[in-house]
Amino acid sequence: TLKASERLVWDDYFSDRFWPGAAVHRIRPGGRCSTHSSHRVVDEPATKLAALVAGELDFAGVNPAHAEFVRRRVGLRVVDYPLIFPYGLVFNTRRPPFHDAVVRRAAALALDRQEIVDGYLFGFAAIADGPVPPGTPRAVPGPRLPVAPDSARRLLAGRRPRFEILTVGSGEAALEQMVQARLAAVGFDVTIRQLELSAFLD
């Protein structure tokens with residue numbers, strides 16, 4: 001397992017036509033890349049973007065928020081490719097408030113998934129109506145819940161369920177704040193607690 005600042009090097013191996021997972025790569029004459037490949041671990045998105053723009057990286061996965069900036073840079077190209085990387089709000093149904101199916105349904109009706117796709121992922125995603133994303137082979141589409149905050153409020157019937165969103169990260173938690181705002185608007189009392197990945201896994 002590579003860690004931040006570590007590097008992995010291959011020789012006489014690499015060609016860009018054999019690397020389908022590159023989200024962004026530097027365009028070279030003839031579409032060929034060097035036969036020498038060096039891979040670095042860069043965890044911080046802004047640091048990764050700066051290294052890419054400065055020519056220190058030939059390809060990198062970038063934050064969706066940075067895609068339009070990269071598109072405007074001469075010599076760089078954004079490549080969008082399918083990836084199963086789900087985001088979800090996981091309920092603990094063994095304890096209040098989500099032991100109650102009515103509260104779970106109210107939370108589901110309060111959330112605007114398209115708002116998350118557009119505002120947080122900048123269109124680089126699709127709404128999943130179940131555990132298997134749309135477009136996956138043999139995926140069976142399920143019924144789509146509407147965005148219905150008024151129905152969510154009626155289901156809560158004046159109750160103010162309180163819970164904590166436990167998440168991994170150290171930034172502004174933009175996604176979690178979007179979820180928090182939508183749930184608060186229908187009556188939930190939501191706090192956000194961020195943990196480093198190692199602490200979360202413990």
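Which residues does M178 touch, not counting residues up to four places away in sequence? In this predicted model, the residues that M178 touches beyond that window are E115, I116 and Y120.

## M178 and helix α6

M178 is found in helix α6. One of the residues it touches, Y120, lies 58 residues away from M178 in sequence, and the two C-alpha atoms are 8.6 Å apart in space.

Helix α6 spans residues 174–184 and is among the elements that give two or more residues to the largest nonpolar core. That core is described below.

## Overall make-up

The protein has 202 residues, of which 24% count as buried. It contains seven helices and six strands. Read along the sequence, these elements follow the pattern β-β-β-α-α-β-α-α-α-β-α-β-α.

Many contacts join parts of the chain that are separated in sequence. Taking the contacts with a separation of 6 or more, 68% are between residues 24 or more positions apart.

## Nonpolar cores

In soluble globular proteins, nonpolar side chains tend to be buried together. Here the largest nonpolar core has 19 residues. F163, L183 and F188 are the residues with the most contacts inside this core. Two or more residues each come from α3 (101–110), α5 (149–156), β5 (162–168) and α6 (174–184). Helix α3 gives the largest share, five residues.

F163 is in contact with P97, F98, L183, F188, D189, V190 and T191, leaving aside its neighbours within four places in sequence. L183 and F188 thus appear both among the contacts of F163 and among the residues with the most contacts inside the core. A second, separate core has seven residues, including L52, L57, A60 and L76.

## Packing of α3 against α5

Two packed helices are described by the angle between their axes and the distance between the axes. For α3 and α5, the angle is about 160° and the axes are 8 Å apart. Because angles over 145 degrees count as roughly antiparallel, α3 and α5 are roughly antiparallel to each other. Their crossing is left-handed.

On the α3 side, the contact is made by V102, V103, R105, A106, L109 and A110. On the α5 side, P149, S151, A152, L155 and L156 take part. The residues of this contact divide into nine nonpolar, one polar and one charged.

## T167 in strand β5

Strand β5 also holds T167. Is T167 buried or exposed? Its relative accessibility is 10%, so T167 counts as buried, the cut-off for buried being under 20%.

Leaving aside neighbours within four places in sequence, T167 is in contact with E176, I192, R193, Q194 and L195. T167 and F200 are 33 residues apart in sequence, with their C-alpha atoms 7.9 Å apart in space.

## The loop between β4 and α3

P86 is found in the loop between β4 (76–78) and α3. At 67% relative accessibility, P86 counts as exposed. The C-alpha atom of P86 is separated by 9.5 Å from that of I127, which is 41 residues away along the chain.

The loop between β4 and α3 is also the place of P97. The peptide bond from P96 to P97 is cis, with omega near 0°. P97 is one of the residues in contact with F163.

## Backbone exceptions

Most residues other than glycine have a negative phi, and most peptide bonds are trans. The cis bond from P96 to P97 is one exception, and two residues with positive phi are described here.

R138 is not a glycine, yet its phi is positive, about 70°. R138 has its place in the loop between α4 (113–119) and α5, and with a relative accessible area of 86% it is exposed. A157 also has a positive phi, near 50°, and is a residue other than glycine. A157 is found in the loop between α5 and β5, where it counts as exposed at 62% relative accessibility.

Technical notes. Residues numbered from 1 in each chain as written. Predicted model: local features only at pLDDT ≥ 70, side-chain atom pairs only at ≥ 80, totals over all residues. Heavy atoms only, no water. Core = buried A, V, L, I, M, F, W, Y, C linked by side-chain atoms within 4.5 Å. Buried < 20%, exposed > 50% of the residue type's maximum accessible area, 1.4 Å probe, protein only. Helix = DSSP H or I, 4+ residues; strand = E, 2+ residues; numbered from the N terminus. Contact = heavy atoms within 4.5 Å. Axes fitted to C-alpha atoms, helices over the stretch in contact; angles between N-to-C directions. Parallel < 35°, antiparallel > 145°, perpendicular 65-115°, else oblique. Left-handed = near helix turned anticlockwise from the far one by under 90°. Nonpolar A, V, L, I, M, F, W, Y, C, P; charged D, E, K, R; others polar.
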